[in-house]
There are 2 protein chains.
Amino acid sequence: MSTTKKRILNASRKLFNQQGLSAVSQRTIATHLKISPGNLTYHFKKRSEIIEGLYFELVEKMDHDFLNVEMEKGLFFGLYQLTQKSMENLFEYRFMMLDFIQVMREFPIIKKHYLKLITQREEQMQMFIQMMIQSGLMRKEEIKNEYQNLTRRMMILGDFWLASAEINREKMDKRQIEKYLEITSQVIYPYLTAKGKREYRKVERDS
Amino acid sequence: MSTTKKRILNASRKLFNQQGLSAVSQRTIATHLKISPGNLTYHFKKRSEIIEGLYFELVEKMDHDFLNVEMEKGLFFGLYQLTQKSMENLFEYRFMMLDFIQVMREFPIIKKHYLKLITQREEQMQMFIQMMIQSGLMRKEEIKNEYQNLTRRMMILGDFWLASAEINREKMDKRQIEKYLEITSQVIYPYLTAKGKREYRKVERDS
DNA sequence: TAGATATTAGTACAATTGCACTAATTTTAG
DNA sequence: CTAAAATTAGTGCAATTGTACTAATATCTA
């Protein structure tokens, strides 16, 4: 990938994060980079290609972190670490999550990929819960659809913690991520057994 | 309020829900109502006045439901009923929640009001939890910030269940609300005492 | 009923946007 | 070194949008 192309993606990402997707036109990006609009069109024929490019950049980073998670330190530690990495990645591409619905509506390629992704993610989460139960870290279901609904809540939190943060605070910085990591991680705590809770506390202490 | 004004608000709400906020221009609305753009401008000088009008319509409905909730049937029942009503209201004005960030960015009047609202709502939720603990329905805190974080998760779920539903399903209808009512209501279940859980099941059965 | 007011229609305008097109310039390859 | 290819600049265009403005019509009031 050419340098200019990289520069365009990088500048676009930052501008989108700062001003929001719809507030940043191709001219905004070109002006900011001090290149001509024609040059921008040369590298990205359509505006949508920039956003799609950024989306798949993010996906790649997420995949990379997923494959390199250290699971040997225990289920909890692995999940905690992965959540943290994911949140950091999402933060760098937060415009995508802040204008999530708009993105899904305007860019069918992204929507298609994302729908496949969440199906996958939901299955992984269900499997994770099963493993936790079998390891005696998590209690069994007590009410109907309990863990299916828990999974769904985890998905919502994962997708929209950034949007919620954006609304509540004036300025979102990296330090806020820690706070939201605590908020989302604790979602699983009350379902843990005594043994699971000890493990959980250990991970929270070490992090 | 004149009939035309009401018709404009109603049509706008439906068009916004269907096509998304940014896809509906004043001309779209005027054409749909078979009135002239000039007439629309007469009733709403600025486009933002329509959205602000709709926002305060929603707020009014929410307030009304909040004041008329039947609390004599128990804490749980009251909360459950209020949640249901709120979700139904939000569904009718879902464009607002689907383009939430955009709305907050573009309409400072709405943002200002909403920020005051969530502070209030968060306090109410905290108070509700304290009442539950004192009634022996909910256990005490076990880890740091546990209920503060729970409250925050409840806020996120309340604000973004619709957005999540929109992404996952092709078409969101009223019947889906029940499902998301279950998903969000269960968030409190694992924190309940044995007594609390009995109460919870009773409410879920009766609804 | 007559004049005032409220409502509606129709049009115009300036600004912005995505993108296409051409020409100039730089880089690369043989 | 030179021709081809890649990159960049600059300009133009059609479409859309919010909204201002004027004139026509309908409704109300005294």
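Tutor: A polar contact is a pair of N or O atoms within 3.5 Å. Keep that in mind, as this is a predicted model.

Student: Then how far is a phosphate oxygen of DNA strand C from an N or O atom in the side chain of B:Thr4?
Tutor: The cut-off for a polar contact is 3.5 Å between N or O atoms. The side chain of B:Thr4 supplies one such atom, and a phosphate oxygen of DNA strand C is the other. Their separation is 3.1 Å.

Student: Which part of A:Gln26, backbone or side chain, has an N or O atom lying 3.0 Å from a phosphate oxygen of DNA strand C?
Tutor: B:Thr4 uses its side chain to approach a phosphate oxygen of DNA strand C. A:Gln26 also has an N or O atom by a phosphate oxygen of this strand, at 3.0 Å. In A:Gln26 that atom belongs to the backbone.

Student: How far does a polar side-chain atom of B:His43 lie from a phosphate oxygen of DNA strand C?
Tutor: B:His43 is among the residues that come nearest to DNA strand C, along with A:Arg27, A:Arg47, B:Ser36 and B:Tyr42. A polar atom of the B:His43 side chain points us to the value. It lies from a phosphate oxygen of the strand at 2.6 Å.

Student: What share of the atoms of DNA strand C that come within 4 Å of the protein do sugar and phosphate account for?
Tutor: There are 13 residues around DNA strand C. Now turn to the strand's own atoms within 4 Å of the protein. Sugar and phosphate account for 56%.

Student: Which helix gives the most to the surface near DNA strand C?
Tutor: Two helices each supply at least two residues here: H2 (26-33) of chain A and H3 (37-43) of chain B. By class, this surface has 2 nonpolar, 7 polar and 4 charged residues. The top contributor gives 4 residues, and it is H3(B).

Student: Now DNA strand D. Which helix gives the most to the surface near DNA strand D?
Tutor: A:Ser36 has a polar backbone atom 2.8 Å from a phosphate oxygen of DNA strand D. A:Asn39 has a polar side-chain atom 3.0 Å from a sugar or linking oxygen of the strand. Two or more residues each come from helix H3 (37-43) of chain A and helix H2 (26-33) of chain B. With 4 residues, the top contributor is H3(A).

Student: How many charged residues has the surface near DNA strand D?
Tutor: There are 13 residues around this strand, and A:Ser36, A:Tyr42, A:His43, B:Gln26 and B:Arg47 come nearest. By class, 2 are nonpolar and 7 are polar. The charged residues number 4.

Student: What axis relates chain A to chain B?
Tutor: Two copies of a chain are related by a rotation about an axis and a shift along it. Here the turn is 180°, the shift along the axis is 0.0 Å and the RMSD is 0.0 Å. That is therefore a two-fold axis.

Student: Which residue of chain A comes closest to the rotation axis?
Tutor: We judge by C-alpha position. The closest one in chain A is at 2.8 Å. That residue is A:Pro190.

Student: Are H1(B) and H4(B) roughly parallel or roughly perpendicular to each other?
Tutor: The axes of H1 (residues 3-19) and H4 (residues 47-67) of chain B come within 10 Å and cross at roughly 90°. Angles of 65 to 115 degrees count as roughly perpendicular. The two helices are therefore roughly perpendicular.

Student: How many residues of the contact of H1(B) with H4(B) are nonpolar?
Tutor: From H1(B), the contact includes B:Ile8, B:Leu9 and B:Phe16. From H4(B), it includes B:Ile50, B:Ile51 and B:Leu54. The contact also has 2 polar and 3 charged residues, while the nonpolar ones number 6.

Key: Residues numbered from 1 in each chain as written. Chains lettered and ligands numbered in written order. Predicted model: local features only at pLDDT ≥ 70, side-chain atom pairs only at ≥ 80, totals over all residues. Heavy atoms only, no water. Axes fitted to C-alpha atoms, helices over the stretch in contact; angles between N-to-C directions. Parallel < 35°, antiparallel > 145°, perpendicular 65-115°, else oblique. Contact = heavy atoms within 4.5 Å. Nonpolar A, V, L, I, M, F, W, Y, C, P; charged D, E, K, R; others polar. Near = heavy atom within 4 Å. Polar contact = N/O pair within 3.5 Å; in protein donor to acceptor, adjacent residues only side chain to side chain. Least-squares fit on C-alpha atoms with pLDDT ≥ 70 in both.
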